[in-house]
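Trainee: Could you take me through a single part of this model in detail, and then set that part in its surroundings?

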Amino acid sequence: MRIVKETAEIDYTETQRFFQNRAGKFRQENPYSVTMYQDNNADLVKERNRREVEKLYPLLRLDKGSRVLDVACGIGRWADAIEDAIEEYCGVDFSGELIEIARGRNGKQNYRFYEGAAYEIEEVLERHGCGKYNVILLIGILMYLNDKDMECALEQIGKVCEEHTTICIREPVGICERLTLKDFYSEELDDTYNAIYRTREEMSKIFSDTLLKNGFQIQEEGFVFEEANLNNRKETAQYYYILER
């Protein structure tokens with residue numbers, strides 16, 4: 001079902017089932033397709049990943065004191081992208097199957113992976129004895145959260161980061177209007193799919209009610225891809241925000 005403009009909630013049970021199925025499709029020769037899709041176009045997956053990292057990685061300004069929290073880390077795509085020596089990386093994902101793949105792919109001593117939901121991130125980190133972080137990655141997660149849980153997640157992010165923190169958010173946004181896919185069958189994925197594509201105006205309003213109230217400011221924002229072949233959706237486009245406090 002395609003729901004345009006109206007607010008509709010998605011079912012997390014279905015989302016979790018979907019990613020369980022995606023984990024079963026993991027192939028080492030095209031690993032990132034698990035969460036970037038395009039199963040039959042490995043070159044597009046590689047190019048999108050390369051261009052995204054090329055654009056966003058310098059904005060993180062990582063150094064040996066960086067403590068990185070990657071919310072919805074999947075199989076550790078952004079853990080792979082980190083070239084600098086950092087103090088700590090913590091990846092969290094609500095799919096236990098994806099976390100198992102991430103652990104198997106990354107054996108760095110100061111890299112940890114935990115199962116947990118974004119809207120329970122404060123409790124997840126506390127349960128594992130984690131401290132606070134100064135670089136937060138929210139890459140392609142907000143689209144899988146209903147509005148109230150998105151706000152809850154962003155409120156908690158403000159509590160688990162250090163006084164001076166950089167947050168990088170990358171999300172597909174609705175170009176003209178909000179679009180919700182609810183139990184929508186995708187021929188490309190051969191599965192039913194649930195996601196919420198919010199407009200930039202909606203995103204800005206939610207940021208104002210959460211992160212900006214916690215002292216963050218949007219330092220930079222824009223479309224991730226300029227090339228039409230990398231942005232091949234008619235109704236949505238990948239967009240990024242860099243917030244700092």
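Mentor: In this predicted model, the strand to look at closely is S6, residues 161–174, which with three residues gives the most to the lining of the largest cavity. That cavity has a volume of about 30 Å³, and a search of the whole structure finds one cavity of 30 Å³ or more. Its lining is made up of Leu 142, Met 143, Glu 171, Pro 172, Val 173, Ile 196, Arg 198 and Met 203, a set that divides into six nonpolar residues, no polar ones and two charged ones.

As for the strand itself, eleven of the 14 residues of S6 are buried, so S6 is largely enclosed by the rest of the structure; the cut-off behind the word buried is a relative accessible area under 20%. Strand S5, residues 133–139, runs parallel to S6 and is joined to it by six bridges, and within this pairing Ile 136 has Ile 167 of S6 as its bridge partner.

Turning to another strand pairing, one finds an open sheet of three strands in the order S1-S7-S8, paired in the antiparallel sense. Strands S1 (2–4) and S8 (191–197) stand at the edges, and because each has a single partner strand, one side of each is left without a neighbour in the sheet. From one strand to the next the twist averages 10°. Between S7, which spans residues 179–186, and S8 there are six bridges in the antiparallel sense, and here Phe 184 stands opposite Tyr 193 of S8. Helix H1, residues 12–24, packs on this sheet, where it touches both S7 and S8, and the direction of H1 makes about 120° with that of S8.

For a view at the level of one residue, consider Val 45, which lies in helix H3, residues 42–60. Val 45 has a relative accessible area of 2% and is therefore buried. Once the neighbours within four places in sequence are left aside, Val 45 is in contact with Asn 30, Tyr 32, Ser 33, Met 36, Tyr 37 and Gln 38. One of these contacts, Ser 33, is twelve residues from Val 45 in sequence, while the C-alpha atoms of the two are 6.3 Å apart in space.

Terms used. Residues are numbered from 1 along each chain as its sequence is written. This is a predicted model: local features need pLDDT of at least 70, side-chain atom pairs count only at pLDDT 80 or more; totals for chains, interfaces and linings use all residues. Side-chain values use heavy atoms; hydrogens and water are left out. Two strands pair if DSSP finds at least two bridges between them. Helices (H or I, at least four residues) and strands (E, at least two) are DSSP runs, numbered from the N terminus. Axes are lines fitted to C-alpha atoms, for helices over the stretch in contact, and angles run from 0 to 180 degrees between N-to-C directions. Contact means heavy atoms within 4.5 Å. On a 1 Å grid over the protein atoms alone, a cavity is a set of points where a 1.4 Å probe fits but cannot get out, and a pocket is an open set with protein on both sides within 12 Å along at least five of seven lines; lining residues have an atom within 4 Å of a point. Grid points are joined across faces, edges and corners, and a volume is the space filled by probe spheres set on the points. Ala, Val, Leu, Ile, Met, Phe, Trp, Tyr, Cys and Pro count as nonpolar, Asp, Glu, Lys and Arg as charged, and the others, Gly among them, as polar. Buried means under 20% relative accessible area, exposed over 50%, partly exposed in between (1.4 Å probe, protein chains only).
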